[in-house]
Amino acid sequence: KDFEAYKDSFKKFLRATKGTVVANLDNPGVKEVLVLQSRIVSTIIDYSKDLIDFKLKIPGDFNILNASAVYQVGKLLNIEPEVIKRSLENFIGTGRRFESLGKVNGAEIISDFAHHPTELRVNFQAVRDKFPNKKIWVIFQPHMFSRTHALFADFVKVLKQAPVDGIAVFDIFPSRELDTGLVNSKQLVEAVGDPKKVEYSSDWDKYKQGIKGYLGKDDVVLFMGAGNTDKWAKELVNNE
């Protein structure tokens with residue numbers, strides 16, 4: 001129901017952990033959850049103090065952190081360091097995690113599962129870092145009414161600060177929930193208050209037809225969300 005409940009879930013999980021915890025103690029929230037749990041007897045490895053020093057094929061500072069955590073887990077499993085390094089260097093990502101689906105009129109089409117404000121923020125920065133001189137357009141579908149309502153202010157802040165050229169916010173994907181009228185995407189866009197950058201759309205088919213002829217080699221389209229966006233991205237690439 002709120003961030004405190006979210007942290008309590010991790011505390012409960014950690015109290016039941018008997019092995020080694022590999023964590024980022026440079027993150028204040030993580031540190032709070034771990035340090036304040038006096039009943040935790042597990043060994044803690046802080047991977048933020050030993051980040052990888054080699055290049056990855058996948059972009060984003062968050063993936064450097066992810067790879068650094070994986071490196072420490074690999075060592076715990078007694079995998080040879082050179083094998084871990086080579087595997088991470090050659091890793092090209094998983095489906096729906098900054099996944100390149102192809103091109104439309106020369107424009108790069110990328111699909112990502114991100115639907116939480118923090119995930120949005122790091123992916124916005126990752127796509128800007130990877131394509132510093134291109135125009136970046138985002139198709140975003142919020143996921144679940146309860147999550148959008150609970151994190152409304154965080155979504156507004158992230159969308160306002162996104163280092164991209166334009167964002168189209170579509171209707172909330174309900175998942176297992178019913179629409180109780182608590183929140184909607186139009187309210188989210190109005191709260192951002194930047195119509196030239198962030199717009200609301202309710203009809204993907206109409207929007208798709210509008211952008212097809214607009215895209216060119218200097219454009220990147222990032223589809224984000226845990227609902228319909230991956231299907232939409234593939235429709236665009238496959239000219240459906």
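I take buried as under 20% relative accessible area, exposed as over 50%, and partly exposed as in between. The model I am reading is a predicted one.

**Entry 1: V73 and its patch**

I looked up V73 first. It lies in helix α3, which spans residues 61-76. Its relative accessible area is 36%, so I log V73 as partly exposed. Which residues make the nonpolar surface patch with V73? I find L77, I79 and V83 alongside V73. The patch covers about 310 Å².

**Entry 2: S48**

Next I went to S48. I place S48 in the loop between β2 (44-46) and α3. Is S48 buried or exposed? Its relative accessible area is 18%, and the cut-off for buried is under 20%, so S48 counts as buried.

I then checked the side chain of S48 for polar partners. One polar contact, of 2.6 Å, joins it to the side chain of D46. Another, of 3.4 Å, joins the side chains of S48 and N24. I also listed what S48 touches, leaving out residues up to four places away in sequence. That list reads A23, N24, L25 and D26. So N24 appears twice in my notes on S48: as a residue it touches and as a side-chain polar partner.

I took one distance towards α3 as well. The C-alpha atoms of S48 and I64 are separated by 9.9 Å, and the two residues are 16 apart along the chain.

**Entry 3: the nonpolar cores**

I turned to the interior. How many residues does the largest nonpolar core have? I note 26. F124, V138, F140 and I167 have the most contacts inside this core. Elements giving two or more residues to it are the helices α5 (117-130), α7 (152-161) and α8 (185-192), and the strands β5 (135-140), β6 (166-169) and β8 (219-224).

I followed F140 further. Beyond its neighbours within four places in sequence, F140 is in contact with A114, H115, L120, F155, L159, I167, A168, V169, F170 and M224.

A second core, separate from this one, has 15 residues. Among them I find A168, W204, W232 and L236. A168 is also on my contact list for F140.

Methods: Residues are numbered from 1 along each chain as its sequence is written. This is a predicted model: local features need pLDDT of at least 70, side-chain atom pairs count only at pLDDT 80 or more; totals for chains, interfaces and linings use all residues. Side-chain values use heavy atoms; hydrogens and water are left out. Patches are made of residues with over 30% relative accessible area and no salt bridge: like charges are joined within 9 Å, nonpolar side chains (Val, Leu, Ile, Met, Phe, Trp, Tyr) within 5 Å. Accessible areas come from the Shrake-Rupley method with a 1.4 Å probe; for residues, only the protein chains shown count as cover. A salt bridge is a side-chain nitrogen of Lys or Arg within 4 Å of a carboxyl oxygen of Asp or Glu. Helices (H or I, at least four residues) and strands (E, at least two) are DSSP runs, numbered from the N terminus. Buried means under 20% relative accessible area, exposed over 50%, partly exposed in between (1.4 Å probe, protein chains only). A polar contact is a pair of N or O atoms within 3.5 Å; within protein, one must be able to donate a hydrogen and the other to accept it, and residues adjacent in sequence count only if both atoms are side-chain atoms. Contact means heavy atoms within 4.5 Å. A nonpolar core is a set of buried Ala, Val, Leu, Ile, Met, Phe, Trp, Tyr and Cys residues joined through side-chain atoms within 4.5 Å.
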